[in-house]
Amino acid sequence: MPALVHVVDDDASFRTAIERRLKLAGYDVATYATAEDLLDAELDDAQPGCILLDVRIPGLSGPDLQGRLIAQGSTLPIIFLTGHADTPTTVRAIKAGAEDFLTKPVSSEQLLDAIERALTRQNAARAQRGKLDTLRAHLATLTQRERQVFDLIVRGRINKQVAHELGTTERTVKAHRHQVMEKMQVHSLAELVSVAERLGMLDANRD
């Protein structure tokens with residue numbers, strides 16, 4: 001599926017030119033004259049793509065649109081492309097997560113490189129989210145007791161200590177530990193600790 005590039009710019013001639021340029025490069029393209037037009041469109045975050053966004057457009061500005069999209073949970077990367085670059089706006093956009101900030105006129109090579117970088121990062125982020133979703137799904141299969149055992153062993157407790165804290169026997173803890181390893185699909189304590197870290201289970205304020 002070709003990546004879809006959303007172009008938001010109030011300059012009709014620019015939209016036409018950039019659409020032609022991007023289609024020649026193999027992308028699907030959707031154009032919008034205002035930020036509101038893009039907000040009204042039903043963006044599909046599942047499709048690979050990005051947004052080319054002007055800073056100064058009628059109505060909602062580019063940075064304000066960026067904020068709206070973030071608030072809505074959009075994961076589409078944003079590349080600002082503007083003839084009105086200034087340091088405060090650039091810093092604000094980048095700090096908010098913009099992929100790049102290009103100044104018009106921009107060469108085809110520079111523009112396409114920026115789009116490819118954005119798509120590469122998007123793919124990597126999706127892959128990472130997919131792995132986390134899988135780990136969360138595995139975690140959800142643990143019983144309450146298995147989750148308690150998981151929490152304690154990834155914090156360095158040995159079976160004897162876990163048994164003492166949970167008021168049970170070492171044998172029972174070993175059985176739960178085995179189930180935790182099976183369900184989380186790991187083969188070592190080191191892997192299990194790594195999984196716990198990725199799931200945000202290892203709070204530095206807890207021992």
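1. A residue is called buried here when its relative accessible area is under 20%, and exposed when that area is over 50%. With that in hand, welcome to this predicted model. A good place to begin is helix α9, residues 189-198, where Leu192, Val195 and Ala196 are buried. Looking down the axis of α9, you will find its buried residues within an arc of 100°, so they line one face of the helix. Turn to the face directed away from that buried side and you meet the exposed residues Ala190 and Glu197.

2. What covers the buried residues of α9? The cover includes α5 (108-140), α6 (144-153) and α8 (170-184). Just past the end of α9, have a look at the backbone of Gly200, which takes a positive phi of about 75°.

3. The largest nonpolar core has 22 residues, and those touching the most other members are Leu139, Phe150, Val162, Met184, Leu192 and Leu199. At least two residues of this core come from each of α5, α6, α7 (159-166), α8 and α9. Phe150 is a helpful residue to click on: leaving aside neighbours within four places in sequence, Phe150 is in contact with Leu139, Leu142, Val180, Met184, Leu192, Ala196 and Met201. Leu192 and Ala196 in that list are also among the buried residues of α9.

4. Now for the sheet. Five strands form an open sheet with parallel pairing, in the order β2-β1-β3-β4-β5. The edges belong to β2 and β5 (100-103); each has a single partner strand, so one side of each is left without a neighbour in the sheet. On average, neighbouring strands of this sheet are turned by 20° against each other, direction ignored.

5. Strand β1, residues 4-8, is mostly covered, with five of its five residues buried. Which way do its residues point? Leu4, His6 and Val8 point one way from β1, while Val5 and Val7 point the other way. This fits a familiar pattern: in a regular strand the side chains alternate between the two faces of the sheet.

6. β1 has a partner on either side in the strand order. With β2 (residues 28-32), β1 pairs in the parallel sense over five bridges, and Val29 of β2 is the bridge partner of Val5. With β3 (residues 49-53), the pairing of β1 is again parallel and over five bridges; here Leu4 has Gly49 as its bridge partner.

7. Toward the β5 edge, β4 (residues 78-82) pairs with β5 in the parallel sense over four bridges. Thr82 has Thr103 of β5 as its bridge partner. Helix α4 (residues 87-95) packs on the sheet here, touching β4 and β5, and its direction makes about 150° with that of β5.

8. How are β1 and β2 connected? Together with helix α1 (residues 12-24), β1 and β2 make a right-handed β-α-β unit. Helix α1 lies across β1, β2, β3 and β4 and runs at about 170° to β2.

9. One last stop is Gln47, in the loop between α2 (35-40) and β3. Is Gln47 buried or exposed? Its relative accessibility is 14%, so Gln47 counts as buried. Leaving aside neighbours within four places in sequence, Gln47 is in contact with Met1, Pro2, Leu4, Asp28, Leu76, Gln122 and Arg126. Among these contacts, Leu4 is the β1 residue whose bridge partner in β3 is Gly49.

Key: Residues are numbered from 1 along each chain as its sequence is written. This is a predicted model: local features need pLDDT of at least 70, side-chain atom pairs count only at pLDDT 80 or more; totals for chains, interfaces and linings use all residues. Side-chain values use heavy atoms; hydrogens and water are left out. Buried means under 20% relative accessible area, exposed over 50%, partly exposed in between (1.4 Å probe, protein chains only). Two strands pair if DSSP finds at least two bridges between them. A crossover is right-handed if, with the strands pointing away from the viewer, the path from the first strand over the helix to the second runs clockwise. The arc is that of the directions from the helix axis to the C-beta atoms. Contact means heavy atoms within 4.5 Å. A nonpolar core is a set of buried Ala, Val, Leu, Ile, Met, Phe, Trp, Tyr and Cys residues joined through side-chain atoms within 4.5 Å. Axes are lines fitted to C-alpha atoms, for helices over the stretch in contact, and angles run from 0 to 180 degrees between N-to-C directions.
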